[in-house]
Amino acid sequence: MDTGALGNILVVTHGPGRGRSVPTGRAFLTRLETRAPELAARLQFHQTGKAAPSLSGIGLVVFWLGDPLRQKYPECYRDAVDIARSAARRGIAVLNSPDALSNTAKATQSAIWQPAGIPSAPVRCVRSGEELLTAFSELAGPSLLRGDDTHAERAIRVLSDQADADRAARELRAPAALVRIHDVRSEFRAAGADPSSLFCRFHHKARAFVFRGEVKASHLFFSRDLVVGLSNCLLAREARPKRRFLRSLGFRRDLFNDLIATDLTYFGADMSYKDVLVRAVAALGLDVAAVDYSIRPDGTPILWEANPYFWLPRGEESVLSAERHAVERVDASLDWLARCLWAALPKRMAS
């Protein structure tokens, strides 16, 4: 690594009981300690809720906090804003500013992406049954009703028709996001793709990491369900003991092999739509995020959401770790993040 970097890196995290945690940080630090000790030695940490940190010797501040920050963790947001302002006064660079971390509610992302021409699902924030019905009419088609400021796949409701919308409007008890459905599987079928392909048979979700102008593929999951996540993807099903036993007897190996091969190919592929993902993250004001999207028949993406506080556990903890070469893949992703972080540190002026 270039040793001309100037200053240390202050990483701002949630104080105890002030926000959720993800395993990414611990996995990253463990990797740095063995692979990039010179970078690990530059890291300093500050927890929200404690006295303001000294910025002496700091060249970069990284806000590693849950999102949307202002909406879900207002006390942490206020602490982070104070630190960001102090950094600005001293000319210290910042990654994932507190205000950018507050742009990630589903409807807010959509409100930023749609006018910017980012190919993404339109979303409306609905706070009442009346707003839900109006939004359903405006979106003019099947939609998903889900939390506006959550990232999990829990409690997502499919509204296929007006009767579903009417029922949901009567039962709505809290603000939510209404997301227009783009059935990419049907698009592949309509485009005449091979009916036996995974993209025709199942719904899918791809994820890629974006760090400013750089992009790294992460995973590609398929599911019978319209909303695809780790909990309901086919790879998770294939990891169950019963499925493993059946495969050992020779049953349903073709589907398993296709899932693994497609995921591996995606991880190693160059993405022709890299610029779209970079523009999408930058439009939110973010520097770093994991972007979830689907790939359409013409090879272009349609984006679902950006996650600046993403989940990346150790490879040993990944689904079907051995078959997917997850240890090597996670290590490669963490090494990529380290290189990007080092590059973000300001460099000494040339003499």
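Tutor: Helices (H or I, at least four residues) and strands (E, at least two) are DSSP runs, numbered from the N terminus. The model is predicted: local features need pLDDT of at least 70 and side-chain atom pairs count only at pLDDT 80 or more, while totals for chains, interfaces and linings use all residues. Residues are numbered from 1 along each chain as its sequence is written, and side-chain values use heavy atoms, with hydrogens and water left out.

Student: What relative accessibility does Glu38 have?

Tutor: Glu38 belongs to helix 2, residues 37–40. Buried means under 20% relative accessible area, exposed over 50%, and partly exposed in between (1.4 Å probe, protein chains only). Glu38 counts as partly exposed because its relative accessibility is 37%.

Student: What separates the C-alpha atoms of Glu38 and Trp342?

Tutor: Trp342 lies 304 residues from Glu38 along the chain. The separation of their C-alpha atoms is 9.9 Å.

Student: At roughly what angle do the axes of helix 6 and helix 7 cross?

Tutor: Axes are lines fitted to C-alpha atoms, for helices over the stretch in contact, and angles run from 0 to 180 degrees between N-to-C directions. Helix 6 spans residues 129–139 and helix 7 residues 162–171, and their axes come within 8 Å. The crossing angle is roughly 160°.

Student: What is the direction of helix 6 relative to helix 7?

Tutor: Angles under 35 degrees count as roughly parallel, over 145 as roughly antiparallel, 65 to 115 as roughly perpendicular and the rest as oblique. The axes of the two helices cross at roughly 160°. Helix 6 and helix 7 are therefore roughly antiparallel.

Student: Which residues of helix 7 make the contact with helix 6?

Tutor: Contact means heavy atoms within 4.5 Å. Helix 6 contributes Gly129, Leu132, Leu133 and Phe136. From helix 7 come Gln162, Ala165, Asp166, Ala168 and Ala169.

Student: Which strands stand at the edges of the sheet with the order 5-8-6-7?

Tutor: Two strands pair if DSSP finds at least two bridges between them. This is an open sheet of four strands with antiparallel pairing. Each edge strand has a single partner strand, so one side of each is left without a neighbour in the sheet; these are strand 5 (123–126) and strand 7 (157–159).

Student: Which residue is the bridge partner of Leu145?

Tutor: Strand 6 (residues 143–146) and strand 8 (residues 176–180) run antiparallel, joined by four bridges. In strand 8, the partner of Leu145 is Leu178.

Student: At about what angle does helix 7 run to strand 7?

Tutor: Helix 7 lies across strand 6 and strand 7. Its angle to strand 7 is about 135°.

Student: Which residue in strand 10 stands opposite Ala208?

Tutor: A second open sheet of four strands has the order 10-9-11-12 and antiparallel pairing. Strand 9 (residues 203–211) pairs with strand 10 in the antiparallel sense over nine bridges. Opposite Ala208 stands Ala217.

Student: What is the phi of Arg212?

Tutor: Arg212 lies in the loop between strand 9 and strand 10, and it is partly exposed, with a relative accessible area of 36%. Its phi is positive in a residue other than glycine, near 55°.

Student: Is Leu320 buried or exposed?

Tutor: Leu320 sits in the loop between strand 12 and helix 14, and has a positive phi of about 50° although it is not a glycine. Because its relative accessibility is 3%, Leu320 counts as buried.

Student: What is the omega of the peptide bond from Asp67 to Pro68?

Tutor: Pro68 is located in the loop between strand 3 (58–63) and helix 3 (69–72). The bond from Asp67 to Pro68 is cis, with omega near -5°.
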